[in-house]
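Could you walk me through this structure, one piece at a time? I'm new to it and would like a plain, friendly tour.

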Amino acid sequence: MSGYVAPLKDMRFVLNELAGLAEVAKLPGYQDATPDTVDAILEEASKFASEILDPINYSGDQEGSIWNDGSVATPKGFRQAYQQYVQGGWGALPFEPDLGGQGLPKLVATAVEEMLTASNMSFSLCPLLTQGAIHALELCGSDELKQAYLGKMIQGTWTGTMNLTEPQAGSDLALVRTKAERSGKHYLISGQKIFITYGEHDMAENILHLVLARTPDAPEGVKGISLFLVPKFLLKPDGAPGERNGARCASIEHKLGIHASPTAVMVFDQAVGYLVGEENKGLSYMFIMMNAARFSVGLEGVAIAERAFQRALAFAKERLQGKDLVEGGQTVPIIRHPDVRRMLMLMKSQTEAMRALAYTTAAALDFSHKTKDKQHQAFVDLMIPVVKGWCTETGIEVASLGVQVHGGMGFIEETGAAQHLRDARITTIYEGTTGIQAMDLVGRKIAREGGATVREWISVLHKLDAELGKSGNADIKAIRASLAAGAQAVSDCVDYIVANAGKDVKGVFAGAVPFLKLMGIVAGGWQMARAALVAEKKMEAGEKSFLQAKIKTARFYAEHVLVQAPALRDTVVKGGAGVMALSDEQFLAA
Ligand SMILES: Cc1cc2nc3c(=O)[nH]c(=O)nc-3n(C[C@H](O)[C@H](O)[C@H](O)COP(=O)(O)OP(=O)(O)OC[C@H]3O[C@@H](n4cnc5c(N)ncnc54)[C@H](O)[C@@H]3O)c2cc1C
């Protein structure tokens, strides 16, 4: 079974040439992100991923986490790996130094996160949820809560969870029923939450649950939801974990994938909880966690795609089957067959496009965070559902291609290819399904503001078109043609959405997921076109083989992926009526 090797060359190319690390490092507070420091971090993270997390990925999947009378044992090696994660300070990378963080840009943390996730997605979920909880507390918690909890969470000694889902409240959080009754300075929380990632485990000394609940006099719906911090162990006066709180894990789920990550049913029985921020504003605070988590789940799509690609490539170089179509002779490795090449190129090109889009969005997050510039934030808001929805849907496709490259062995568990597909499958569901992301994109991010931000972005594509037009390179000409058609397709859809969202919301929302896919493949094409231009300019001074491959990969992407844009436009603009064409009775009769 092939091991994970972080794609450092491509990561550095994207960080430096596309996401603008040098500019990010000039932002106030990011002066430590010098090229040498970033390089050292990437090297160390890559070692941690390959040497510590990757070796326990397959065994963790086979063994799974095990529930026993309210406790959960993670698979062999997870606790030790988590200790090393804490000792390495990996969780502290993007947080402010005055809270014990390392003050590095989100962009750098994103590259590290990709490596941890690619090598062991189940493991990476614990830090992912913790980081979301830190963000929410940082922005909305009282000084007292921050003082008591943030330091240990940033260190990683204590972990965090996100408790939204209840049996009757999934995508629709207006239906949350968990109760919170005031009792002196704190609240008593009662109710049941399901599907809580790392709701219980043995890797940290305390678990801090961020829980959505309602106070008795709260208004109906989302306007009556508040956010509470509910520790597993209440703190003693000296700040150390003491008495057990009334938050217990009733069971963990048996799942299709991410077996090592415990997905807990949590029962809160008069558990002590502390209000985060103000009453009834919980959902807006939770959105802070969700936005960070949505970005990270999008990155899971990139990471799994990279891992699946590496595994498929290694197999394709070794598996002997069939003869070369032209040369005949001996049996050859399957990588010599055009269709296997096609699959590998689909995997590689889409992975690179997704990585570039995700890292560019991370850089915009840094700019928005440090400069409070509204344009950067608007770009981030537009792209978060695209990164989440498109990268995860594509991650599944890429993992599925990985199985296909393996043939029958891909369907057999020992190769590890099947695990990637099983693990990837959750990514389009949690943190808001693709349907929910697409409605957010079409409704909140486009229709509500009359398409202003997306049109800004389309004008960026037009500027790039002019740049591409200056090149005499045949590959870049082909990329330009495909990108221009893609930009036109997005523009047509935006006109349609803005004109029709008010009068035919069902028709417009029926095309929301195809539109999200269109946005994703065009945004990916935008990044690949930029990459090809940089590669052309750097060809003389840079590493030729890598740069030539970049241009060829970008052209492949343009002709095999981006080329789907006009058809998707037709689906968005004309297909809505067809989605709703059958009556409820006709569905029932079927
Ligand atoms: C492994 C795992 C880990 C998880 N971790 C966490 C966690 O840590 N914390 C947490 O709180 N939750 C967690 N979840 C829950 C997860 O976020 C929900 O499963 C998800 O939000 C979807 O909710 P649901 O399962 O109730 O599906 P439903 O909301 O019932 O949706 C079912 C289908 O209907 C569609 N749908 C629903 N409403 C609409 C609508 N208005 N318009 C269009 N389509 C719609 C959905 O897209 C979906 O296809 C986890 C789930 C799993 C499986």
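Here is a short tour that takes in the ligand, a hairpin, two loop residues and a patch on the surface.

Before we set off, keep in mind that this is a predicted model. Let's begin with the ligand. It has 19 residues around it, and the closest are Met162, Thr165, Ser171, Phe195 and Thr433. Some of the contacts involve the protein backbone: a polar backbone atom of methionine 162 sits 2.7 Å from a nitrogen atom of the ligand, and a polar backbone atom of leucine 164 is 2.8 Å from one of the ligand's oxygen atoms. Threonine 433 takes part through its side chain, with a polar atom there lying 2.7 Å from an oxygen atom of the ligand. How much of the ligand does the protein cover? On its own the ligand has 970 Å² of accessible area, and the protein covers 62% of that.

Next, look at strands β4 (residues 179–183) and β5 (residues 186–197). They run antiparallel and are joined by 5 bridges. To pick out one pairing, start at glutamate 181 and cross over to β5, where its bridge partner is leucine 188. The hairpin made by β4 and β5 has 2 residues between the strands, and glycine 184 in this hairpin takes a positive phi near 70 degrees.

Positive phi values also turn up in residues other than glycine. Aspartate 69 is one of them, with phi near 50 degrees. You'll find aspartate 69 in the loop between β1 (66–68) and β2 (71–73). Is this residue buried or exposed? Aspartate 69 counts as exposed because its relative accessible area is 68%, and the cut-off for that label is over 50%.

Glutamate 431 is another residue other than glycine with a positive phi, this time near 60 degrees. Its place is in the loop between α13 (417–424) and α14 (434–446). The relative accessibility of glutamate 431 is 13%, so this residue counts as buried, since buried means under 20%.

Our last stop is on the surface. Met409, Phe411 and Ile412 together make a nonpolar patch of about 330 Å². Within this trio, phenylalanine 411 belongs to helix α12 (residues 408–411). Phenylalanine 411 has a relative accessible area of 73%, so it is exposed.

How values were computed. Residues are numbered from 1 along each chain as its sequence is written. This is a predicted model: local features need pLDDT of at least 70, side-chain atom pairs count only at pLDDT 80 or more; totals for chains, interfaces and linings use all residues. Side-chain values use heavy atoms; hydrogens and water are left out. Patches are made of residues with over 30% relative accessible area and no salt bridge: like charges are joined within 9 Å, nonpolar side chains (Val, Leu, Ile, Met, Phe, Trp, Tyr) within 5 Å. Accessible areas come from the Shrake-Rupley method with a 1.4 Å probe; for residues, only the protein chains shown count as cover. A salt bridge is a side-chain nitrogen of Lys or Arg within 4 Å of a carboxyl oxygen of Asp or Glu. Helices (H or I, at least four residues) and strands (E, at least two) are DSSP runs, numbered from the N terminus. Buried means under 20% relative accessible area, exposed over 50%, partly exposed in between (1.4 Å probe, protein chains only). A residue is near a molecule or strand if one of its heavy atoms lies within 4 Å of it. A polar contact is a pair of N or O atoms within 3.5 Å; within protein, one must be able to donate a hydrogen and the other to accept it, and residues adjacent in sequence count only if both atoms are side-chain atoms. Two strands pair if DSSP finds at least two bridges between them.
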